[in-house]
Structures are given as structure tokens and as C-alpha cells.
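Biologist: Could you take a close look at a single part of this model for me, and then connect it to the rest?

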Amino acid sequence: MKFIVGIIGLAIVAGLALLGSNNRKSVKIKPIIIMVVLQFIFGFILLNTEVGNILVGGVANGFGALLKCASEGVNFVFGGMVNDGKYTFFISVLMPIVFISALIGILQYCKILPFIIKYVGLALSKVNGMGQLESYNGIASAILGQSEVFISVKKQLGLLPKNRLYTLCASAMSTVSASVVGSYMVLIKPRYVVTALILNLFGGFIIASIINPYTVKPEDDILEVEEKEKQSFFEMLGEYIMDGFKVAITVGAMLIGFVSIIALINAIFKGICGISFQDILGYIFSPFAFFMGVPFNEAVKAGGIMAIKLVSNEFVAMTTLAQGNLGLSYRATAIVSVFLVSFANFSSIGIIAGAVKGLNEKQGNVAARFGLKLLYGATLVSVLTATIVGLIV
């Protein structure tokens with residue numbers, strides 16, 4: 001039964017992507033099929049094999065070691081404010097982002113990340129049928145983040161037509177940055193985070209290839225990474241540390257606001273209608289949850305978590321899921337967890353448009369105009385990833 005539902009779910013995703021396509025006749029079928037197959041292969045390896053257990057375990061242990069190092073700095077600053085053995089979201093989940101961001105800066109400064117991003121991107125372009133710039137941007141987005149990635153392609157932004165700019169922005173919204181991955185792993189199982197990261201990378205290209213098909217001419221596909229003015233090591237380190245702190249504070253502020261607002265709205269709806277706003281959203285999103293593979297009797301609860309992620313952000317949704325009050329099964333938890341690992345929400349429209357506008361005002365206005373379509377496509381990427389996981393687990 002799950003295979004029938006899953007296949008219908010994949011057909012629905014394809015249909016919704018085609019519904020929003022700029023040019024259905026130009027969609028390239030072969031690269032899409034290859035990438036879907038790769039999604040199934042990677043998903044199966046990561047979720048159902050001993051090799052996957054070793055890979056995920058290695059990644060989880062690596063981030064665990066990094067978080068332990070981060071805790072040294074966090075405890076030095078905030079140690080007196082926390083009772084031993086007590087969990088505090090801001091300190092345990094958000095503050096380590098500062099250290100991870102600093103580490104990314106060091107790897108960037110030492111030219112390790114640029115090397116990895118460039119050549120993995122070049123290899124990926126042979127698979128996805130897209131330009132080298134788009135492939136580079138997809139890898140870079142998963143490491144640098146949805147706003148920082150545009151700095152690395154600053155030189156090309158002003159030269160890009162609307163369709164190529166859309167793909168770059170879609171990649172940024174469909175993935176997550178390495179600086180927050182460790183924080184996700186505190187809230188949901190690392191295997192779901194790692195699986196979503198890899199599947200979303202391909203999924204972003206799949207959906208963009210359907211919604212926004214085009215062909216890049218070789219002469220238009222020169223990959224040159226913008227070199228910023230050379231900084232000293234400690235200038236760079238200070239900049240990345242402050243960037244990480246700003247991200248942590250911003251996420252914390254958004255969590256306070258969104259969680260409080262959702263609690264208020266739930267109270268109002270319960271007082272008037274006898275049902276919470278979250279439950280209403282759950283009913284609206286439950287058909288999508290069902291065709292992603294969530295069991296029918298859990299679809300409303302899962303749909304509510306999905307909706308929270310869309311209207312607020314993934315941290316709010318992950319926190320709600322991590323509380324364990326929903327009683328979701330292993331299968332439903334796996335599907336919902338991978339759905340949550342992306343930046344696809346309404347606030348990301350402003351973040352991406354603002355980042356692009358800060359580098360090129362004209363292109364920033366273009367990005368803002370296709371903002372809703374950007375969110376539409378990025379959300380379909382999350383649905384595609386979750387549906388594939390539903391067929392695997």
C-alpha cells in the first residue's frame with residue numbers, strides 16, 4: 001500500500017511542478033530520472049544499510065565532537081546561568097552556531113571549502129544537465145548558507161538572466177547551511193538531517209529543472225568565484241564569529257516571536273472554535289502528509305508540523321516535534337523530520353531577496369518578484385524528499 005501511495009505522491013509533486021513550469025516543452029526528462037534514481041540510492045544507503053549507519057554515525061560523531069568543543073566556549077560565558085544537567089535551547093542549540101560559523105570561516109580562508117565546492121559542483125553539472133554556476137551554487141548553498149552564498153557569485157549576479165537567477169535562489173532556499181546542521185542534530189535524529197541534506201541537493205535541481213527549464217550555452221557558463229579583498233586571518237575569524245552570533249540571535253528572536261504568536265492564536269481558536277489553529281493547519285496539510293507516506297491516522301498531526309515550518313521556520317517546527325507530545329510513529333517521524341530540513345518558509349523570501357539586493361539592487365528586485373514561486377518550488381523539494389523517504393523506510 002505504501003508504494004501505491006508513494007508513487008501517487010511522486011506523481012502529484014511532478015504535476016504541481018509542471019503546473020508552475022515556465023516552459024513544459026523544454027523540460028529535460030533524462031537528467032531528472034537520473035537524479036530521482038540517485039535520490040533513491042542515497043536515501044536507501046543512508047537509512048537502510050550498515051554503510052549508511054557508519055556514514056551517518058561518522059557525521060554525527062563529528063558534529064558531536066564539534067558541539068562538545070563549542071560547549072567549552074558557551075559554558076565559559078553562560079555557565080553560571082544554567083543549572084547542571086538542565087537543557088536550555090538558546091545555550092545548547094543556538095550558541096554552538098557561533099563556533100561552527102568560525103570553523104567554516106577557517107576552512108574558507110585556507111581554501112579547503114572553495115576547492116571542494118568548485119569541483120564537486122563541476123562533477124554535479126555532468127549529472128543534472130545544468131550549468132556549472134548552478135551546480136557550484138547548489139553545493140555552496142549547503143555549506144555557506146542562503147544569504148552568504150551570493151557573495152561568492154557576486155561578479156556573475158548582474159549578468160544573469162531571470163531564469164538562471166531563479167535557480168540560484170531556489171538552491172539557496174531548498175538547502176540549509178552547515179553552520180546550523182549541528183543544531184538540527186540536537187533536535188532530530190542525525191540520520192534524517194544527513195539524508196535530507198543529500199536528497200534536497202538533487203531535489204532542488206529536479207524541481208528547478210521542471211519549473212524553470214533552460215539550456216546554458218558553454219560561452220555563458222564561465223565559473224569564476226568572486227574573490228573578496230584579502231583579509232588577515234583574525235579579521236576573517238572575527239567576521240565569521242560575529243556572523244554566527246547574528247544568526248543565533250536572529251533565530252532566537254524569531255523563535256520567541258513565532259512560538260508566542262502561535263500559542264496566542266491557538267488559545268484564541270480554542271476559545272472560539274474549540275480547536276487549535278495548529279490543528280486547523282494540520283487538516284489543510286494532511287493530504288500532502290498522507291501522500292508523502294505518513295499513515296492516515298497521523299496525517300493531521302504531521303500536517304500541523306509541516307504548516308508550522310512553512311509559516312514560521314524549521315526551528316519552531318523541529319522544537320515542536322522534539323517535544324515528543326505528538327506520539328508520531330517511527331515512519332511518520334522520519335518523513336516529517338526530513339521535510340523540515342530546509343529553509344523553505346515565508347521569511348526566507350525576504351532573506352534571499354535582501355541578500356541579492358545588497359549585492360545588486362536590480363537583481364534583488366527581480367528575486368523579490370518571484371519570491372512566492374521560489375517558496376512554491378522549494379516546498380515541493382521538501383515534499384519530494386519526504387515522499388522518497390516514505391517509500392524507503
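Modeller: Happy to! Let's begin with Leu-281, which sits in helix H13 (residues 277-292); helices here are DSSP runs of H or I with at least four residues, numbered from the N terminus. This is a predicted model, where local features need pLDDT of at least 70 and side-chain atom pairs count only at pLDDT 80 or more, while totals for chains, interfaces and linings use all residues. Residues are numbered from 1 along each chain as its sequence is written, and side-chain values use heavy atoms, leaving out hydrogens and water.

Leu-281 has 10% relative accessibility, so it counts as buried (under 20% relative accessible area, with a 1.4 Å probe and protein chains only). Setting aside residues up to four places away in sequence, Leu-281 touches Gly-303 and Ala-307, where contact means heavy atoms within 4.5 Å. Lys-246 is 35 residues from Leu-281 along the chain, and their C-alpha atoms are 31 Å apart.

Now for another helix, H19 (residues 371-392): its 22 residues should span 32 Å at 1.5 Å a residue, and its end C-alpha atoms are indeed 32 Å apart. That expected span is 1.5 Å times one less than the number of residues. Of the 22 residues of H19, 19 are buried, so this helix is largely enclosed by the rest of the structure.

Finally, the UniProt record, an unreviewed entry, places "domain: Nucleoside transporter/FeoB GTPase Gate" at residues 90-189; such annotations may be inferred rather than shown by experiment. Over residues 90-189 the chain is 76% helix.

Methods
Helices (H or I, at least four residues) and strands (E, at least two) are DSSP runs, numbered from the N terminus. Buried means under 20% relative accessible area, exposed over 50%, partly exposed in between (1.4 Å probe, protein chains only).
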